[in-house]
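I opened the notebook to record what I looked up, one topic at a time, beginning with how a pair of helices is set against each other.

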Amino acid sequence: MVEVKNLKKNFGTLEVLKGVDLKVKEKDIVVIIGPSGSGKSTLLRCINFLEMPNSGKVYINGEEVKKKNHDIDSLRRKVSMVFQHFNLFPHKTVIENVMEGPTQVTKMSKVKATKLAKLLLKKVGLEDKANVYPEMLSGGQKQRVAIARSLAMEPDVILFDEPTSALDPELVGEVIAVINDLAKEGMTMVIVTHEIWFAREVADKVIVMDEGVIIEEGSADKVFNNPDNERTAQFLKQVTKQN
């Protein structure tokens, strides 16, 4: 589904990604963990070209993506992204937020987009909030709307960038429940998270990043219970202590 080869990204003199290789198979749930500043979110943003890599290659469904000969908006229909801070349109109702992509990008009819949006809001448990504005929602509800909006583009892959980090602890569960449902339905997902228990629960593969490189990858059981890299062990010990 997604393959990254020797991906590098600099911001000025700061080297954030130092040559990352990653493969995501269809229906995989790949969870990326690691300390702050390790390049996790930048990697996601480079995969769907919200950030332009300095070098390296990105393949979607086996085809290399090149900005000069690809419609990046078309790419983002295949590889959708859910952000940490929701990024909903405050002047649009919940259902209008979900309809925005299909009507504006894929030119879906308003009637069809309304039907689709209602189905997706039901899927995330918010059909009763269709006509309210984002300011009337809790953080967990906003993130569920953001997930519905992402699904409205009928993507092949969804990238989640810390989907629960902006939420109060009691609201985390409702968002994770939606992600769990998507996992059961076979949605391919790449998730950056600091919720280690969540990573243990849903991940087919866990990636550990530190200082711009992948230092370890494997099954959740292997990475969390018997890591090969000492830096991984230190990170997990520190996170466990904080929690």
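**Entry 1: α3 and α4.** Working on a predicted model, I first looked up how helix α3, residues 94-104, is set against helix α4, residues 110-123, and found an angle of about 125° with the axes 9 Å apart. Angles from 65 to 115 degrees would count as roughly perpendicular and those over 145 as roughly antiparallel, and α3 and α4 are therefore oblique to each other. I also noted the sense of the crossing, which is right-handed where α3 passes α4. On the α3 side, I listed V94, I95, V98, M99, P102 and T103 as the residues that meet α4. Their counterparts in α4 are K110, A113, T114, L116, A117, K118, L120 and L121. Sorted by class, the residues of this contact of α3 with α4 come to ten nonpolar, two polar and two charged.

**Entry 2: α3 and α5.** I then turned to the packing of α3 with α5, for which the angle is about 30° and the axes are 7 Å apart. Since angles under 35 degrees count as roughly parallel, α3 is roughly parallel to α5. Here too I looked up the handedness, and α3 passes α5 in a right-handed crossing. The residues that make the contact are V94, N97 and V98 from α3, together with V145, A148 and R149 from α5. By class, I recorded four nonpolar residues, one polar and one charged for the contact of α3 with α5.

**Entry 3: burial in α3 and α1.** How many of the eleven residues of α3 are buried? I found that eight of them are, which leaves α3 mostly covered. The buried residues are V94, I95, N97, V98, M99, G101, P102 and T103, and I noted that the buried residues of α3 pack against α4 and α5. I made a similar check on helix α1, residues 40-47, which is mostly covered as well, with six of its eight residues buried. Those of α1 are K40, T42, L43, L44, C46 and I47. After α1 comes F49, for which I read a positive phi, near 65°.

**Entry 4: positive phi in two loops.** I kept a separate entry for backbone angles, bearing in mind that most residues other than glycine have a negative phi. N87, which is not glycine, has a positive phi near 55°, and its place is in the loop between β6, residues 79-82, and α3. With a relative accessibility of 43%, N87 counts as partly exposed. E154, also a residue other than glycine, has a positive phi near 50°, and I located E154 in the loop between α5, residues 139-151, and β7, residues 157-161. Its relative accessible area is 58%, so E154 is exposed.

**Entry 5: a four-stranded sheet.** In what order do the strands of the open sheet of four run? I read the order as β2-β1-β4-β5, and the pairing is antiparallel. At the edges stand β2, residues 14-24, and β5, residues 63-64, and because each has a single partner strand, one side of each is left without a neighbour in the sheet. Looking further into strand β1, residues 2-11, I found that β1 pairs with β2 in the antiparallel sense over eight bridges. Among the bridge partners I wrote down, E3 is matched with K23 in β2, and L7 is matched with V20 in β2. The two strands β1 and β2 form a hairpin with two residues between them, and in the turn I noted G12, whose phi is positive at about 65°.

**Entry 6: T164.** Is T164 buried or exposed? Its relative accessible area is 3%, and a value under 20% counts as buried, so T164 is buried. I placed T164 in the loop between β7 and α6, the latter covering residues 169-184. Leaving out residues up to four places away in sequence, I found that T164 touches V172, V175, I176, T193, H194 and E195.

Terms used. Residues numbered from 1 in each chain as written. Predicted model: local features only at pLDDT ≥ 70, side-chain atom pairs only at ≥ 80, totals over all residues. Heavy atoms only, no water. Axes fitted to C-alpha atoms, helices over the stretch in contact; angles between N-to-C directions. Left-handed = near helix turned anticlockwise from the far one by under 90°. Contact = heavy atoms within 4.5 Å. Nonpolar A, V, L, I, M, F, W, Y, C, P; charged D, E, K, R; others polar. Buried < 20%, exposed > 50% of the residue type's maximum accessible area, 1.4 Å probe, protein only. Pairing = 2+ DSSP bridges.
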